[in-house]
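This report covers one sheet and one helix pair. The sequence and structure are shown below.

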Amino acid sequence: MVNKNIPAVLGIGNALVDVISVIKDDSLLQKFNLPRGSMTLVNAERSQQIYAATFSESSKLTTGGSVANTMRSLANMGGNGGYMGKVGRDKLGDLFKDDFERRGLRTHLTYSESGTGRVMALVSPDSERTMATYLGAASELQAYDYMPGLFNGYKYLYMEGYLVFNHDLIKAGVEKAKAAGLKVAIDLSSFNVVEANLEFLKDLIKNNVDIVIANEEEARSFTGLEPEAALHEIAKDCELAIVKVGKEGSLIKHGDVVTRIGIVPAKALDTTGAGDAYAAGFFYGLTNGYSMAVSGKIAALVSGKVVEVMGPNLPDHQWPEVMAEINKIVAED
């Protein structure tokens, strides 16, 4: 149940629907020229061909997109939030909106005549996942889609790094959010995104971003430094910096204080969405006023749980158990 009494987070990102299908062998991957284990961008026609060849009664539909995954998990913890993205006027767009609103998230969706973006996630018999992504409507989100009053009632803006290829969209969003009194957070999303937009990102973070979340590869691309040195470098230009270091846990620097967070032991089945889950856990702690140590431990816990399931989202029935563990972390502080 969403707690409306705590500060709210507005997530902005690529609104996608994951269509997860198990394939009996890898022949379909070869047919559609999809390198096993990769993520390949495809056009609408090819996406439809893959859908027709792989969709069955056992296929699963779930909301997707990096920041969308974060906001969904945050809502499942009782966090307060909303989401902005662009979808098509179709069944998948309806599914996205209905799923988010059912979880208590406010939706600020705009619409395109293109179809809702979708990720055809093809799971081989050995659990290897190959993704064919059609961005569709999601890729058409523009600066003019920021509606008047969008930022009212929010304390944090969480911007998806994958949107950074549209400089006008990102810049307008963070500037409008800052003008409305919000704190701005960004996830660097991918080392190649950072490399391709390095100067733009450095300027953006220095002038308009309060919280930066990165993994070690992204932090290295941004600073040229190893994790701990990268953390200090990033923190020079923002209030709070987080560098995730895989099996070594994560490092959080808030002001002059560095907090080291260990990992939660997990039997990794699928690492998709681990970073999105970490962000959700951290925002849950932050908006509830918990310390950096507690917020980081919650982030590590949720991230560890997500890698034990297929896909980027925990099944709904697991959340009561996860919340019991989170409450234990809070009580021990």
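How many strands form the open sheet, and in which order? The model is predicted. In this model, nine strands make up an open sheet, and their order is 6-5-1-9-10-11-12-13-14. The pairing is mixed. Strand 6 (106-112) and strand 14 (257-261) are at the edges; each has a single partner strand, so one side of each lacks a neighbour in the sheet. On average, neighbouring strands of this sheet are turned by 15° against each other, direction ignored.

Within the sheet, strand 10 (residues 183-187) and strand 11 (residues 211-215) run parallel and are joined by three bridges. Opposite D187 stands I213 in strand 11. In general, strands of a sheet pair through backbone hydrogen bonds, either parallel or antiparallel.

The second topic is the helix pair. Helix 3 and helix 10 pack at an angle of about 45°, and their axes are 8 Å apart. The angle falls neither under 35 degrees nor in the range from 65 to 115, and the two helices are therefore oblique to each other. The crossing of helix 3 past helix 10 is right-handed. The residues that make the contact are listed by helix.

| Helix | Residues | Residues in the contact |
|---|---|---|
| Helix 3 | 66-76 | S66, N69, T70, S73, L74 |
| Helix 10 | 274-287 | D276, A279, A280, F283, Y284 |

By type, the residues of this contact between helix 3 and helix 10 comprise five nonpolar, four polar and one charged.

Technical notes. Residues are numbered from 1 along each chain as its sequence is written. This is a predicted model: local features need pLDDT of at least 70, side-chain atom pairs count only at pLDDT 80 or more; totals for chains, interfaces and linings use all residues. Side-chain values use heavy atoms; hydrogens and water are left out. Two strands pair if DSSP finds at least two bridges between them. Helices (H or I, at least four residues) and strands (E, at least two) are DSSP runs, numbered from the N terminus. Axes are lines fitted to C-alpha atoms, for helices over the stretch in contact, and angles run from 0 to 180 degrees between N-to-C directions. Angles under 35 degrees count as roughly parallel, over 145 as roughly antiparallel, 65 to 115 as roughly perpendicular and the rest as oblique. A crossing is left-handed if the near helix is turned anticlockwise from the far one by less than a right angle, and right-handed if clockwise. Contact means heavy atoms within 4.5 Å. Ala, Val, Leu, Ile, Met, Phe, Trp, Tyr, Cys and Pro count as nonpolar, Asp, Glu, Lys and Arg as charged, and the others, Gly among them, as polar.
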